[in-house]
Amino acid sequence: ERCWDDLRPADFSEYRLYLYDKYGVCAIDRTITVVRAMFKHAYENDLIDHPVKYGGQFNKPTAKERRQNRSQRDRINGKRLFEPAQIRKMLEHGSTQMKAMILLGINGGFGNTDCAELPIAAVDLDSAVIDYERTKTAIQRIIPLWPETVTALRSVIEDERPAAQRPEYEDLVFLTKYGHPWKQEKILEDLSEPIPKGTRQEAISPEFRKLLRGLDMLRGGVGFYALRHTFRTWADETNDQHAIHRIMGHTIPGMSGIYVEEISLDRLRAVVNHVRSKLWPNQ
């Protein structure tokens, strides 16, 4: 253990190299953000009496480092994309809940957290639309649903949804067989430790990996979130970037984000229907 005021720039530089070697670019980005925010909060709230000096090496990854990392990952594991036949195979063998999550992933670019935190109130099965503010960004998100997605969600919500273990879980679409959310964040208290530790339990990734392993499709670094990559890649062929941003819950960039007040449902449907035609080209 080290006292905070004993840390020097060389220590942060060494720590960055350790993270890069062991975990890669993504870990560097997240960790540097957290560490800097922690010490900034401590200084601004008089918990420490002077700012911490990080030196010139404790910075977020450069664009070059990100490109190199992505190229290396793609060479080893392939691109973070699924082929239509692979997704159809997943849908054929997945459980009821996993099938609905996979459809949300490729129908509307849903990621793990999007599925785990999807509220029932956001889902209008009669109108075949999901309309809500994405939890991660608080940006409006509207997703027209395919008939297959509506059917799968109806099965989850109306037929096979486990009883919620707590009242605050009642409004979630997806619950594990034990009645808990598919993602939970907890504070673990250990009397032997001076500071409680946080932990995050995320059940979608291991369940999805289990499915891929059973189908002999498991690749390193390619998990559930690759469905979001696949949706975005296929949707890009429509050349309607604003509609894609609205579906995925991204901010519309530039001045357009200020002046574009509404994107018609027809435009959003055109995007998701194009993606559907890639998945089922013969329908």
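Biologist: Before anything else, what share of the contacts with a separation of 6 or more comes from residues 24 or more positions apart?
Modeller: Residues 24 or more positions apart account for 61% of those contacts in the chain, and please keep in mind that this is a predicted model.

Biologist: How many helices and strands does the chain come to?
Modeller: The secondary structure comes to 12 helices and 5 strands, in a chain of 283 residues of which 39% are buried.

Biologist: And the outside, how much area does the chain expose, and what do carbon and sulfur atoms supply?
Modeller: The chain exposes about 16600 Å², and carbon and sulfur atoms supply 50% of that area.

Biologist: Which residues form a nonpolar patch on the surface?
Modeller: Tyr 15, Tyr 18 and Tyr 23 form such a patch, and together they have about 330 Å² of accessible area. Tyr 18, to take one of them, has its place in helix H1, which covers residues 9–22.

Biologist: Why is Tyr 18 called partly exposed?
Modeller: Its relative accessible area is 40%, and the term partly exposed applies because that value falls between the 20% cut-off for buried and the 50% cut-off for exposed.

Biologist: Switching to rings, how many aromatic pairs does the structure hold?
Modeller: The structure holds 10 aromatic pairs. One of them joins Phe 39 and Tyr 54, a tilted pair with 6.5 Å from centre to centre and 55 degrees between the planes.

Biologist: Which parts does that pair of Phe 39 and Tyr 54 tie together?
Modeller: Phe 39 lies in helix H2 (residues 25–44), while Tyr 54 lies in the loop between H2 and helix H3 (63–77), so the pair ties together parts that are 15 residues apart in sequence.

Biologist: Are Phe 39 and Tyr 54 buried or exposed?
Modeller: Phe 39 is buried, and Tyr 54 is buried as well. Another pair is formed by Phe 82 and Phe 208, whose ring centres are 6.1 Å apart and whose planes stand at 70 degrees, so this pair is edge-to-face.

Biologist: Where do Phe 82 and Phe 208 lie?
Modeller: Phe 82 lies in the loop between H3 and helix H4 (84–93), and Phe 208 lies in helix H8 (residues 204–214), so their pair ties together parts that are 126 residues apart in sequence. Both Phe 82 and Phe 208 are buried.

Biologist: Back to Tyr 54 for a second, which residues form one aromatic cluster with it?
Modeller: Tyr 54 forms one aromatic cluster with Phe 12, Phe 39 and Phe 58. The ring of Tyr 54 also has the charged end of Arg 36 sitting over it, 4.2 Å from the ring centre.

Biologist: New topic, which residue in the loop between helix H9 and helix H10 should I look at?
Modeller: Asn 239 is found in that loop, between H9 (226–235) and H10 (241–248), and its phi is positive, near 60 degrees. Most residues other than glycine have a negative phi. Asn 239 counts as exposed, at 64% relative accessibility.

Biologist: And what about the phi of Ala 128?
Modeller: Ala 128 has a positive phi of about 60 degrees although it is not a glycine, and it is found in the loop between strand S1 (123–124) and strand S2 (129–133).

Biologist: Last one, where does Lys 177 lie?
Modeller: Lys 177 lies in the loop between helix H7 (147–159) and strand S4 (183–188), and it is exposed, with a relative accessible area of 69%. The C-alpha atoms of Lys 177 and Glu 160 are separated by 9.5 Å, with the two residues 17 residues apart along the chain.

Conventions. Residues numbered from 1 in each chain as written. Predicted model: local features only at pLDDT ≥ 70, side-chain atom pairs only at ≥ 80, totals over all residues. Heavy atoms only, no water. Patch = residues over 30% accessible without salt bridge, like charges linked within 9 Å, V, L, I, M, F, W, Y side chains within 5 Å. Areas by Shrake-Rupley, 256 points an atom, 1.4 Å probe, with all protein chains shown as cover. Salt bridge = Lys/Arg side-chain N within 4 Å of Asp/Glu carboxyl O. Helix = DSSP H or I, 4+ residues; strand = E, 2+ residues; numbered from the N terminus. Buried < 20%, exposed > 50% of the residue type's maximum accessible area, 1.4 Å probe, protein only. Contact = heavy atoms within 4.5 Å. Phe/Tyr/Trp six-rings, centres within 6.5 Å; stacked < 30°, edge-to-face > 60°. Lys NZ or Arg CZ within 6 Å of the ring centre and 35° of its normal.
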